[in-house]
Amino acid sequence: MLKNPKARNTALITLLLYLAVLATLVVTTFYPAPVEGVSIALILIVKLAPLLALAVPVFRGNNRGYIWLAFVVIFYFTQAVVSAWLSEGAAGPVILTVLTLLLFVMAMVHLKVNRPIPE
């Protein structure tokens, strides 16, 4: 639930970053090449399930959902940083690192902006 007009902007930016992270995870599954001998469906389920579980709260702008999103995104950020380091700066992991960092920051900004108004 959005508590003030500024929260609409932060919710929209957070939603766009959320979708960008999902899209990047899908793209990096297939590019540069899929892992041989492993089911692509299984890889996508493992990569996307934690984020997709939070889709409804993110689309609704639910504060509690944004808090959980921030916790989950920390794991994606950590994995992306390690992948970027080990791949010596490959585009996919670097882009995922930046997107997850921005998603975390915007989720926190949204929570700050969307605080209940004291009466």
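## Exercises on a five-helix chain

Twelve places along helix H1 are a starting point: Ala7, Thr10, Ala11, Thr14, Leu15, Leu17, Tyr18, Val21, Leu22, Thr24, Leu25 and Thr29 are buried. Buried means under 20% relative accessible area, exposed over 50%, and partly exposed in between, with a 1.4 Å probe and protein chains only. The model is predicted: local features need pLDDT of at least 70, side-chain atom pairs count only at pLDDT 80 or more, and totals for chains, interfaces and linings use all residues. Residues are numbered from 1 along each chain as its sequence is written, and side-chain values use heavy atoms, with hydrogens and water left out.

### Exercise 1. The whole chain

Task: state how many helices and strands the chain has, and its pattern.

Solution.
- Step 1. Take the DSSP runs: helices are H or I with at least four residues, strands are E with at least two, and numbering starts at the N terminus.
- Step 2. Count them: 5 helices and 0 strands.
- Step 3. Read along the sequence: the pattern is α-α-α-α-α.
- Step 4. Add the extent. Along the principal axes, the C-alpha atoms fill a box of roughly 60 × 25 × 20 Å.
- Step 5. Add burial: 34% of the 119 residues count as buried.
- Step 6. Add the surface. The accessible area is about 7600 Å², and 74% of it belongs to carbon and sulfur atoms. These areas come from the Shrake-Rupley method with a 1.4 Å probe; for residues, only the protein chains shown count as cover.
- Step 7. Add contact range. Contact means heavy atoms within 4.5 Å. Among contacts with a separation of 6 or more, 68% join residues 24 or more positions apart.

### Exercise 2. Helix spans

Task: compare the spans of H1 and H5 with their expected values.

Solution.
- Step 1. Set the rule: the expected span is 1.5 Å times one less than the number of residues.
- Step 2. Apply it to H1. Its 26 residues reach 39 Å from first C-alpha to last, close to the expected 38 Å.
- Step 3. Apply it to H5. Its 23 residues reach 32 Å, close to the expected 33 Å.

### Exercise 3. What covers H1 and H5

Task: name the elements that cover the buried residues of each helix.

Solution.
- Step 1. For H1, the cover includes helix H2 (40-52), helix H3 (55-60), H4 and helix H5 (91-113).
- Step 2. List the buried residues of H5: Pro93, Leu96, Thr97, Leu99, Thr100, Leu103, Met106, Ala107, His110 and Leu111.
- Step 3. Their cover includes H1 and H4.
- Step 4. Recall the helical repeat: an α-helix has 3.6 residues a turn, so residues three or four places apart point the same way.
- Step 5. Zoom in on Thr24, which lies in H1. Thr24 counts as buried because its relative accessibility is 13%.
- Step 6. Skip its neighbours within four places in sequence. Thr24 then touches Gly92, Ile95, Leu96 and Leu99.

### Exercise 4. The H1–H4 packing

Task: describe how H1 and H4 pack, and which residues make the contact.

Solution.
- Step 1. Fix the axes: lines fitted to C-alpha atoms, for helices over the stretch in contact, with angles from 0 to 180 degrees between N-to-C directions.
- Step 2. Read the geometry. H1 (residues 5-30) and H4 (residues 63-86) pack at about 35°, with axes 13 Å apart.
- Step 3. List the contact: Ala11, Thr14, Tyr18 and Leu25 from H1, with Tyr66, Leu69 and Tyr76 from H4.
- Step 4. Sort these residues: 6 nonpolar, 1 polar and no charged. Ala, Val, Leu, Ile, Met, Phe, Trp, Tyr, Cys and Pro count as nonpolar, Asp, Glu, Lys and Arg as charged, and the others, Gly among them, as polar.

### Exercise 5. Four residues by exposure

Task: classify Val94, Val81, Arg60 and Glu88 as buried, partly exposed or exposed.

Solution.
- Step 1. Val94 lies in H5. Val94 is partly exposed because its relative accessibility is 34%. Beyond its neighbours within four places in sequence, Val94 contacts Ala84 and Gly89.
- Step 2. Val81 sits in H4. At 35%, Val81 is partly exposed. Its C-alpha lies 18 Å from that of Leu69, 12 residues away along the chain.
- Step 3. Arg60 belongs to H3. At 64%, Arg60 is exposed. From Arg60 to Gly92 is 32 residues in sequence and 29 Å in space, C-alpha to C-alpha.
- Step 4. Glu88 is in the loop between H4 and H5. At 75%, Glu88 is exposed. Its phi is near 60°, a positive value in a residue other than glycine.
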